[in-house]
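Please open the structure in your viewer and keep the selection tool at hand. The tour proceeds by selecting a few residues at a time.

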Amino acid sequence: MTRLASAVAMRAAAVLLGAGCLVWAALPAVHRGWSGFALVLAIAGVAAGGLRLALAAVPVPEDSYWPSPGLRVWRAFLEVVRQVPWEEGAVIGIVWLEVLHPSRPWHTAVLGAGLIAYLLVVHLAESDAPLATLRPQARVLGLGAVLLALGAGAGMLPAAGPGAGSALLRLVAAGALIAAAGLVLPYVARRLSRAGGRDLEGIYMRQGTTQRRAGPDG
């Protein structure tokens, strides 16, 4: 029951995050640049993505020699719902709606964080993985949030030409990139070294197993 409740909560959180990002990007309403089509695309993507998550545990009917029309329609419906990348379409529609608005850096930064959270939660809901699965990537996600805030702050600066403000911004951006490399590269190096060690260990174990199976006479 606990696992079922966690799966239901994760799916509900994905739908709520998608709907929240949609409302955040759609308000205030705009009426230019195919905004209606973008809104329909985003709504359809979020709704169909939620439906796919809800039907993830429903088994596909087995093939039979002469399936009934209703069974064929149900199987085709499940295949369409599960194979179409609905979340990607929703993200395209939501970003399209945001682009149609005037420049609003902090609004866009919050939307970017919400879309990243939406895609991550959808992935966790698809794989039935707990939220603790993202713990090894906490520093990378935190660094991404810092860079997102830095980009929003840079977008809010007036573009009045070179000066002390732009020089300070370049220094802060360079520091952020150095901090990103300092945080990410050691983590990636440790992961690669561990993976390489496990590969070598697996090769040795496979060779030992082969030799034991072969026996002293070969």
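The stops below concern salt bridges and then one pair of helices.

Please bear in mind throughout that this is a predicted model. A search of the whole structure finds four salt bridges.

**First stop: Arg-11 and Asp-128**

Select Arg-11 and Asp-128, which form a salt bridge whose closest N and O atoms are 3.2 Å apart. Where in the chain do these two residues lie? Arg-11 belongs to helix H1 (residues 2-26), whereas Asp-128 sits in the loop between helix H5 (105-127) and helix H6 (138-156). The pair thus links distant parts of the chain, 117 residues apart. Now display the surface around each partner. Arg-11 has a relative accessible area of 16%, under the 20% limit, and therefore counts as buried. Asp-128, with a relative accessible area of 44%, is partly exposed.

**Second stop: Arg-52 and Glu-126**

Next, select Arg-52 and Glu-126, whose side chains meet in a salt bridge at 2.6 Å, N to O. Arg-52 lies in helix H2 (residues 35-54) and Glu-126 in helix H5, so this pair ties together parts that are 74 residues apart in sequence. Is Arg-52 buried or exposed? Arg-52 is buried, with a relative accessible area of 11%. Glu-126, in turn, counts as partly exposed, at 41% relative accessibility. Add Glu-87 to the selection: Arg-52, Glu-87 and Glu-126 are joined into one network by salt bridges that share partners.

**Third stop: Arg-104 and Glu-98**

Select Arg-104 together with Glu-98. These residues form a salt bridge, with 3.1 Å between the closest N and O atoms. Both Arg-104 and Glu-98 are buried.

**Fourth stop: helices H4 and H5**

Finally, select helix H4 (residues 86-100) and helix H5. How do their axes cross? The axes come within 11 Å and cross at roughly 175 degrees. Because this angle is over 145 degrees, H4 is roughly antiparallel to H5.

To view the contact itself, show the side chains on each helix in turn. On H4, the contact is made by Glu-87, Ala-90, Val-91, Ile-94, Val-95 and Glu-98. On H5, the residues to show are His-107, Thr-108, Leu-111, Leu-115, Tyr-118, Leu-119 and Val-122. Colour these residues by type: nine are nonpolar, two polar and two charged. Two residues from earlier stops reappear here, as Glu-87 and Glu-98 are part of the H4 side of this contact.

Conventions. Residues numbered from 1 in each chain as written. Predicted model: local features only at pLDDT ≥ 70, side-chain atom pairs only at ≥ 80, totals over all residues. Heavy atoms only, no water. Helix = DSSP H or I, 4+ residues; strand = E, 2+ residues; numbered from the N terminus. Buried < 20%, exposed > 50% of the residue type's maximum accessible area, 1.4 Å probe, protein only. Axes fitted to C-alpha atoms, helices over the stretch in contact; angles between N-to-C directions. Parallel < 35°, antiparallel > 145°, perpendicular 65-115°, else oblique. Contact = heavy atoms within 4.5 Å. Nonpolar A, V, L, I, M, F, W, Y, C, P; charged D, E, K, R; others polar.
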